[in-house]
Amino acid sequence: KIEVDFVFQELDKLPKGTGGPPGREKPWGTNHAVMMAAGAVDGPFAAINADDFYGRDAFAQMGSFMRDAEGQNGHYAMVGYRLDNTLSEFGSVSRGVCGVDSEGNLTSMVEHTSIKRDGERIVYEDDGQKHPLAPETPVSMNFFGFTPDYFKYSEDYFRTFLAANMENLKAEFYIPTMVNKLVGDGEAVMKVLPTTSKWFGVTYKEDRPDVVAKIRALVDAGEYPESLWK
């Protein structure tokens with residue numbers, strides 16, 4: 001039904017003239033994975049986690065943005081989910097909590113761990129203290145939209161990252177690392193696209209029945225066909 005290209009993230013796929021530390025056994029994280037697509041992509045593109053369910057409205061929002069981004073440089077986007085639409089009922093989660101300015105652009109993305117419901121509140125824990133978060137707080141679930149200039153930015157900064165982490169066998173070059181760098185330096189603007197979609201994921205094995213039921217409900221409501229391939 002659609003044309004598919006495969007690219008492979010391999011440990012030794014690094015910018016020319018660079019190398020990794022002896023003993024490194026795994027590739028370099030999510031932004032390294034995005035860089036592998038440089039030779040296969042020539043227009044605006046989205047990057048998502050393969051094991052997450054993002055929802056129809058999220059894809060519609062990103063599709064609209066990418067159509068408008070054709071031919072531009074330094075204008076990116078991410079889908080911002082309401083925090084309360086991304087929690088598990090069975091334990092704490094980690095989320096990239098986003099700062100957004102009055103124009104809807106990203107100002108910061110800070111990873112918070114141990115986010116969970118605490119009675120009527122949502123909190124995260126840090127140094128043994130509980131800190132409240134508003135239910136409508138926008139969070140990143142790694143649904144990003146970029147234009148091809150992002151590959152060059154990534155390659156340039158990855159050289160610096162490699163040099164700084166030559167002794168760190170576990171260092172990873174994450175997408176938020178690159179995004180925070182570009183936004184902080186004023187080299188790019190990242191629009192935060194609000195969505196009505198709820199994120200589904202299996203963080204804990206107990207999540208699975210609930211996720212299956214939620215997807216079934218979307219099919220029953222007509223949001224998705226019974227078979228995607230008919």
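1. Start with the second largest pocket of this predicted model. Its lining divides into nine polar, six nonpolar and four charged residues. The lining has 19 residues, and those nearest the pocket's centre are Asn49, Ser94, Arg95, Glu111 and Asn142. Three strands and one helix give two or more residues each to this lining: strand E3 (93–100), strand E4 (106–118), strand E7 (138–146) and helix H4 (175–184). The volume of the second largest pocket is about 440 Å³.

2. Now the largest pocket. It holds about 660 Å³ of space. Its lining counts 20 residues. By class, 15 of them are nonpolar, four are polar and one is charged. Which residues lie nearest the centre of the largest pocket? They are Ala46, Ala47, Ile48, Asn49 and Ala50. Helix H1 (30–35) and strand E1 (45–47) supply at least two lining residues each.

3. Look at Asn49 in both places. Asn49 is among the residues nearest the centre of the largest pocket. Asn49 is also among those nearest the centre of the second largest pocket.

4. Arg95 deserves a second look. Arg95 is one of the residues nearest the centre of the second largest pocket. The charged end of Arg95 sits over the ring of Trp199, 4.7 Å from the ring's centre. A similar arrangement involves Arg24. The charged end of Arg24 sits over the ring of Trp28, at 3.8 Å from its centre.

5. Next, the aromatic rings. How many aromatic pairs does a search of the whole structure find? The search finds 17. Ring pairs also link several residues into a cluster: Phe45, Tyr76, Phe144, Phe146, Tyr150 and Phe151.

6. Check the backbone at Asn142. Asn142 is not a glycine, yet its phi is positive, near 60°. Asn142 lies in strand E7. Is Asn142 buried or partly exposed? Its relative accessible area is 22%, so Asn142 counts as partly exposed. The cut-off for buried is under 20%. Asn142 also belongs to the residues nearest the centre of the second largest pocket.

7. Then compare Asp127. Asp127 too is a residue other than glycine with a positive phi, about 55°. Where does Asp127 lie? It lies in the loop between strand E5 (121–126) and strand E6 (129–133). Asp127 has a relative accessibility of 73%, so it counts as exposed. The cut-off for exposed is over 50%.

Definitions and conventions:
Residues numbered from 1 in each chain as written. Predicted model: local features only at pLDDT ≥ 70, side-chain atom pairs only at ≥ 80, totals over all residues. Heavy atoms only, no water. 1 Å grid on protein atoms, 1.4 Å probe; cavity = no way out; pocket = protein on both sides within 12 Å on 5 of 7 lines; lining within 4 Å. Points joined across faces, edges and corners; volume = space filled by probe spheres on them. Helix = DSSP H or I, 4+ residues; strand = E, 2+ residues; numbered from the N terminus. Nonpolar A, V, L, I, M, F, W, Y, C, P; charged D, E, K, R; others polar. Phe/Tyr/Trp six-rings, centres within 6.5 Å; stacked < 30°, edge-to-face > 60°. Lys NZ or Arg CZ within 6 Å of the ring centre and 35° of its normal. Buried < 20%, exposed > 50% of the residue type's maximum accessible area, 1.4 Å probe, protein only.
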